[in-house]
Amino acid sequence: MHESPLHAFHLKHNAQMVPFAGWTMPIRYAGIVEEHKQVRSSGGIFDVSHMGRVKVSGRHARRLLERLCSRRVHDMQPGQCRYSLMCNDRGGVRDDVIVYRHDDDEFTVVVNGANREKMLGHFEQVRAAGDLSVKIDDTTMKTAMVAIQGPKVMGFVGKFSTEIPTLKRYRFTVKNLVVAKLTVSRTGYTGEDGIEVILPAGMVDMALKLILKDVDMDAPDALVKPAGLGSRDSLRLEAGMPLYGHELGEEINALSCGVDFAISLDKDTGEFAETFIGMEALKKVQENGGPRVRLVGLAFEGRRTPRQDMPVKSGEREVGKVTSGCLSPTLDRPIAMALVNADVAAPGTRLQVDAGRAVLEGEVVSLPFYKAPKG
Amino acid sequence: MSSPADRKYTSSHEWIQVAGDAGTLGLTRFAVEQLTDVTFVEMKKVGTAFKAGDSLGEVESVKTTSDVYAPVDGVITEVNKAASDDPSLLNSDPFGTGWLVKFKVSSGAGLAKCVDAATYDRDIAH
């Protein structure tokens, strides 16, 4: 079991540690709901060091990523990040990733922790098949990654660096400390404004002190408090963001997952035309009227929480399965995402979830469930 | 924090307190910490007869749904409405106001399988 570079930090803040994707990670500190509300109202700091950080560099680095990514890479500027899927040749989802472009031929790809080994193998296989000149360097173990998220985060981060609050969404900058580099991006997985920071594993204590210098995380009214993977999950669910193993998977068609913005089926046209793996299969699905199954949001009456894999029904007919559910701390009602037949995917459609001993009455609603007010 | 010594404990993390033929049952602090924030409590109705090993109802948390099991035979005499109305009572006071059901014990034979607080605390530490 891998320990994160923030392990001592977690223990100091009384985290409940759980095994997650081969790592021991904090599921909560104070409490999942309390942390969730702290992030929505002020700020939280998450350890996401279990996610894979892979440097991809060399003469053919861009070409390798064009083959892998469902979105274009060539038009990314240095300092830009981009959310993308990586598919299998059937159009299923191998992973969803963030690509950082450092330079013409230097990138970092952040992959899901549970998929790191698989995706490293996939990168190498695609590299070898194309005989591409690319260095693939897994930097996960020598780096840490933290996400600092919430409406008040950009305010105090400005004290550490006046540049960071000027970053646009999905842009990043590299801050040079004395002996270390911090990659700071305006990205996140909570539906709130904030940053994600990649830093050398040995620099965590020093870097946290620099970034959070005026914040006493143990104070009851602290602007930023530690937040665990439990609240990260309920936050991303409210924000309608898919998660690998739930809304995304090898057997789930990429066009079903509600992330069409991240699939460029015209990528094989124009300058730098490239075909990505899975593109042909996805085009066929599109030409044949689109996917049969769609990701939807469901909002429920009552207090019971729908859970992954529970059947979704329209009367007696089974029309899909729940992929994620929670009692939304912000909306104070149960919510879920589900993959359902396209004919029952329209907002307003009444659907039921079979929870075994109870039937949960729900309605299709548009995603996201929650959108942060513009600050 | 040690569990109260005035009751018995099951391997599925319920506590049970019996005085004469009147029993009270809830979940241990360890159990609710594993569940994390409790969001929903639904016990079976007053008058329901149960055997040792039967489910007395369900407790849902942010993370999961869990059954609550009876260690003895009996009939439910009272369900904690305060806990159904405010499930966070289980997190804040699992051994006190966060109790789940009261019941009349018809056979306490299952109590022999329950352990005392010291043994329970040792078991969960492993």
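**View 1. Contacts of Ser4(A) in the predicted model.** Leaving aside neighbours within four places in sequence, Ser4(A) touches five residues by name: His10(A), Trp23(A), Met25(A), Asp47(A) and Ser49(A). Ser4(A) sits in a loop of chain A. Strand S1 (2–3) comes before this loop, and helix H1 (7–12) follows.

**View 2. Polar partners of the Ser4(A) side chain.** Two partners are shown here. The side chain of Asp47(A) makes a polar contact of 2.5 Å with the side chain of Ser4(A). The Ser4(A) side chain also reaches the backbone nitrogen of Leu6(A), at 2.8 Å. Ser4(A) has a relative accessible area of 5%. That value is under 20%, so Ser4(A) counts as buried.

**View 3. The two domains of chain A.** Domain 1 covers residues 1–290. Domain 2 covers residues 292–375. Their C-alpha centres lie 26 Å apart. Domain 1 of chain A brings 23 residues to the contact, and domain 2 of chain A brings 21.

**View 4. Where domain 1 of chain A meets domain 2 of chain A.** About 1700 Å² is buried between the two domains. Carbon and sulfur atoms give 57% of that area. The count of salt bridges between the domains is zero. Polar contacts link 15 residue pairs, with both residues at pLDDT 80 or more.

**View 5. The side of domain 1 of chain A that touches domain 2 of chain A.** Helix H2 (32–41) and helix H7 (229–238) are the elements that each give two or more residues to this side. By residue class, the side holds eight nonpolar, nine polar and six charged residues.

Key
Residues numbered from 1 in each chain as written. Chains lettered and ligands numbered in written order. Predicted model: local features only at pLDDT ≥ 70, side-chain atom pairs only at ≥ 80, totals over all residues. Heavy atoms only, no water. Domains from an automatic or database assignment. Contact = heavy atoms within 4.5 Å. Buried area = accessible area lost by both parts, 1.4 Å probe. Salt bridge = Lys/Arg side-chain N within 4 Å of Asp/Glu carboxyl O. Polar contact = N/O pair within 3.5 Å; in protein donor to acceptor, adjacent residues only side chain to side chain. Helix = DSSP H or I, 4+ residues; strand = E, 2+ residues; numbered from the N terminus. Nonpolar A, V, L, I, M, F, W, Y, C, P; charged D, E, K, R; others polar. Buried < 20%, exposed > 50% of the residue type's maximum accessible area, 1.4 Å probe, protein only.
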